[in-house]
Amino acid sequence: MTTSRDETQNEASEEQLAVTVPLKVLGIATAYAAILSYLERRFPIKPDHIWAEVAGGVLISLVPVALIARKSRQLDWRVYEGTIWRSFIASGTPIILWQIGEAVLRQMELLNYTTARELQRPDAYAYDTTPLAHRSGERARGGNSLS
């Protein structure tokens, strides 16, 4: 029994959709997370541009699958849907890991900050000559919180 050229091409495109596309998406999403990390450290893009980050992630997930699916002549919807799910998982993994790493770094910075504050001697505050009224923002304005 011989297989036709269309069947062979269809099997190859299904294999490409199942394995190759999610791997490509994983690589693109990793680069995307690295670029976003650089941009967030360099420029104040949060919270105003979160919508752009999400839209970019969705495009990274869907566009490669759509481009490969367009090339295949006959594609089962189940294969296409499975590839979409694998693509979303592949693109979300590096971004989620990046955000977990960012949260760990923020936690470490907070611990370092609080540890540095706790290491100051308590008597360092004993001879502070600043009146209490000038230490808090509300009292420094004369007690009127509306002005």
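Start by selecting Glu102: with a relative accessible area of 14%, this residue is buried, since anything under 20% gets that label. Keep in mind as you click around that you're looking at a predicted model.

**Stop 1: around Glu102**

Glu102 sits in helix α3. Show its neighbours, skipping any residue up to four places away in sequence, and you'll find that Glu102 touches Ser37 and Arg41. Now pick the C-alpha atoms of Glu102 and Ser37: they are 8.8 Å from each other, although 65 residues separate the two along the chain.

**Stop 2: the whole of α3**

Next, select residues 77-118, which make up helix α3. How many residues does α3 have, and how far does it reach? You should count 42 residues, and the distance from the first C-alpha to the last is 61 Å, close to the 62 Å expected at 1.5 Å a residue.

Is there a bend to look for? Go to Gly92, where α3 bends by about 25°. Then step along to Pro94, a proline that follows within four residues.

Colour the buried residues of α3 while you're here; among them are Val79, Gly82, Ile84, Ala90, Trp98 and our starting point, Glu102. Gly92 and Pro94 from the bend are on that list too.

**Stop 3: Thr83**

Now select Thr83, another residue in helix α3. Is Thr83 buried or exposed? Thr83 counts as buried because its relative accessibility is 0%. Leaving out residues up to four places away in sequence, Thr83 touches Leu17, Ala18 and Val65.

**Stop 4: α2 against α3**

Follow that last contact over to Val65 and select residues 50-71, which form helix α2. Helices α2 and α3 pack at an angle of about 145°, and their axes lie 9 Å apart. Their crossing is right-handed. To see what makes the contact, show Gly57, Ile60, Ser61, Leu62, Val65, Ala66 and Ala69 on the α2 side. On the α3 side, show Tyr80, Thr83, Ile84, Ser87, Phe88 and Ser91.

**Stop 5: zoom out**

Finally, bring back the whole protein chain. What will you find if you go looking for helices and strands? There are five helices and zero strands, so to speak a plain α-α-α-α-α when read along the sequence.

Try a surface view as well: the chain exposes about 11,400 Å², with carbon and sulfur atoms supplying 62% of it. Of its 147 residues, 22% count as buried. And if you look at contacts between residues at least 6 apart in sequence, 71% of them join residues at least 24 apart.

Definitions and conventions
Residues are numbered from 1 along each chain as its sequence is written. This is a predicted model: local features need pLDDT of at least 70, side-chain atom pairs count only at pLDDT 80 or more; totals for chains, interfaces and linings use all residues. Side-chain values use heavy atoms; hydrogens and water are left out. Helices (H or I, at least four residues) and strands (E, at least two) are DSSP runs, numbered from the N terminus. The expected span of a helix is 1.5 Å times one less than its number of residues. The bend at a residue is the angle between axes fitted to the seven residues ending there and the seven starting there. Buried means under 20% relative accessible area, exposed over 50%, partly exposed in between (1.4 Å probe, protein chains only). Contact means heavy atoms within 4.5 Å. Accessible areas come from the Shrake-Rupley method with a 1.4 Å probe; for residues, only the protein chains shown count as cover. Axes are lines fitted to C-alpha atoms, for helices over the stretch in contact, and angles run from 0 to 180 degrees between N-to-C directions. A crossing is left-handed if the near helix is turned anticlockwise from the far one by less than a right angle, and right-handed if clockwise.
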